[in-house]
Amino acid sequence: MLGQAPEQSQNLDILMNMGPQHPSTHGVFRMLLRVDGEVVVDAEPHIGYLHRGSEKLAEGEQYHQVVTLMDRLDYIANFNNEWAFCRAVEKLMGLEVPERAEYIRVILGELNRVASHLLFLGTFGLDAGAMTPVMFAFRGRERIQALFEAVSGARMMHNYFHIGGVKEDLPENFHALMDKLMPELRRDVEECDKLLSFNEVFVARTKGVGGIDRDTAINYGWTGPCLRACGVNYDVRKAEPYSVYQRFKFDVPVGRDGDSWERYFVRVREMYESLSIVEQAMKSMSGGPVMAVGRRLIRPTKGDVYVRAENPRGEIGVYLVSDGTDKPYRIKVRPPSFCNLSAIGRLIKDTYVADAVIILGSLDIVLGEVDR
């Protein structure tokens, strides 16, 4: 058009809010995107919308009550979170957990990993525009949730792992339930894998998107499937075995390119490994008590302790300080989602707006543990 003003013909960056209420942010998370056309020039993450003060609240609760707070940090990996806190207290008190309780913890923890990864698989497929996989993924996840309800009495927020063991023994029909669940669950995982992993459109949307090299990922504190997708063979269950993990044979899947597709596919392969661990644990689990013998009132001696564990989203760490009373003096949690999310600005910069959704989804964050 003749006579157009010079300033009107210049490219102008536009500020765009993505979230905090947005389906692709997978929780209350906001990113302020500066876009030039379809390209993201800069991305500024904002967290804190789900802050509940869990660490501070724990200082006013007795030790056994803190388990319920840990349940709510990562509400997709409840058993795994309960387990990490209980191990911290047990380490501080020098408690020896009965072998049967350790096996129960491994079985439920690995099933929780599969349930978490199935939820990721389904929602990540939605992020990429695939509607069908989430139906299959949720079918498998529902089977696991039904088993969790039969064991703990709750579909979520189980409060089943107690300091010194587990709340009560498994139901009498547990083996029958597992005999029915395992083949169905393996079939669900295989169907999801076949539907999505090498789908041409899905690969085109995720391969080469949001890549990061291993050194940068380590510097950001990445752990779990996100770090392993970069080719780093690090898994706390292997690097610093806890519970009875050293008794089982399993591989640690690693990727190569560190992009969104690798982060997805590492999780798919981890589900097969988790199912293998559960099958081994079911075969070798014996009878016996499920709770350590000791005082009912939990009152560790003065001191501090740090434990780490391999959760579905990566390494969770619990730093616990005791002043000798029945309540923790201080609890500090090292959540994997917070560290993995810290690189989001770097990953999204200079990508397309549509890829921002894919990249964020591939990190598989849970805002409950990011904000705490």
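How many residues does helix α6 have, and how far does it reach from its first C-alpha to its last? Helix α6 runs over residues 132–152, so to speak a 21-residue stretch, and reaches 31 Å, close to the 30 Å expected at 1.5 Å a residue. Keep in mind that this is a predicted model. Below is a quick tour of that helix, a second helix, two cavities, a pocket and a few loop residues.

**Helix α6**

- Quite a few residues of α6 are buried: Pro133, Val134, Ala137, Gly140, Arg141, Ile144, Gln145, Leu147, Phe148, Val151 and Ser152.
- Look down the axis of α6 and those buried residues fall within an arc of 160 degrees, so they line one face of the helix.
- What covers them? Among the elements lying over the buried residues of α6 are α4, α5 (99–127) and α7 (174–196).
- Right after α6 comes Gly153, which has a positive phi, near 90 degrees.

**Helix α3 and the largest cavity**

- Helix α3 spans residues 63–71, and its buried residues are Tyr63, Val66, Val67, Leu69, Met70 and Asp71.
- Those buried residues pack against a mix of helices and strands: α2 (54–58), α4, β4 (161–162), β7 (314–322) and β8 (328–334).
- Searching the whole structure turns up two cavities of 30 Å³ or more.
- The largest cavity has a volume of about 50 Å³.
- Around the largest cavity you'll find Ser54, Glu55, Ala58, Val66, Leu69, Met70, Leu73, Ile331 and Val333.
- Three elements each give two or more residues to that lining, namely α2, α3 and β8.
- Val66, Leu69 and Met70 turn up again here: they are buried residues of α3 and they also line the largest cavity.
- Sorted by class, the lining of the largest cavity has seven nonpolar residues, one polar and one charged.

**The second largest cavity**

- The second largest cavity holds about 30 Å³ of space.
- Its lining is made up of Tyr75, Ile76, Asn78, Asn112, Arg141, Gln145, Phe148, Arg155, Met156 and His158.
- Which element gives the largest share of the lining of the second largest cavity? That is α6, with three residues.
- Arg141, Gln145 and Phe148 line this cavity, and they are also on the list of buried residues in α6.
- By class, the lining of the second largest cavity splits into four nonpolar, four polar and two charged residues.

**The second largest pocket**

- About 250 Å³ of space lies in the second largest pocket.
- The pocket has 13 lining residues, and the closest to its centre are Arg87, Lys91, Tyr242, Ser243 and Val307.
- The elements giving two or more residues to this lining are α4 (78–93) and β6 (303–311).
- Six nonpolar, one polar and six charged residues make up the lining of the second largest pocket.

**Tyr242 and Ser243, by the pocket centre**

- Tyr242 sits in the loop between α11 (236–239) and α12 (260–284).
- Is Tyr242 buried or exposed? Tyr242 is buried, since its relative accessible area is 5%, and buried means under 20%.
- Setting aside neighbours within four places in sequence, Tyr242 is in contact with Trp83, Arg87, Val236, Arg237, Arg308, Ala309 and Glu310.
- Tyr242 and Val307 are 65 residues apart along the chain, while their C-alpha atoms are separated by 9.7 Å.
- Ser243 is found in that loop between α11 and α12 too.
- Phi of Ser243 is positive, near 55 degrees, in a residue other than glycine.

**Two more loop residues**

- Ala343 lies in the loop between α13 (336–341) and α14.
- With a relative accessible area of 0%, Ala343 is buried.
- Not counting residues up to four places away in sequence, Ala343 touches Ile212, Tyr220 and Trp222.
- Ala343 and Ile298 are 45 residues apart in sequence, and 39 Å apart in space from C-alpha to C-alpha.
- Asp350 has its place in the loop between α14 (344–348) and α15 (353–363).
- Asp350 isn't a glycine, yet its phi is positive, about 70 degrees.
- Is Asp350 buried or exposed? Asp350 counts as exposed, because its relative accessibility is 57% and the cut-off for exposed is over 50%.

Terms used:
Residues numbered from 1 in each chain as written. Predicted model: local features only at pLDDT ≥ 70, side-chain atom pairs only at ≥ 80, totals over all residues. Heavy atoms only, no water. 1 Å grid on protein atoms, 1.4 Å probe; cavity = no way out; pocket = protein on both sides within 12 Å on 5 of 7 lines; lining within 4 Å. Points joined across faces, edges and corners; volume = space filled by probe spheres on them. Helix = DSSP H or I, 4+ residues; strand = E, 2+ residues; numbered from the N terminus. Nonpolar A, V, L, I, M, F, W, Y, C, P; charged D, E, K, R; others polar. Expected span 1.5 Å × (residues − 1). Buried < 20%, exposed > 50% of the residue type's maximum accessible area, 1.4 Å probe, protein only. Arc of directions from axis to C-beta. Contact = heavy atoms within 4.5 Å.
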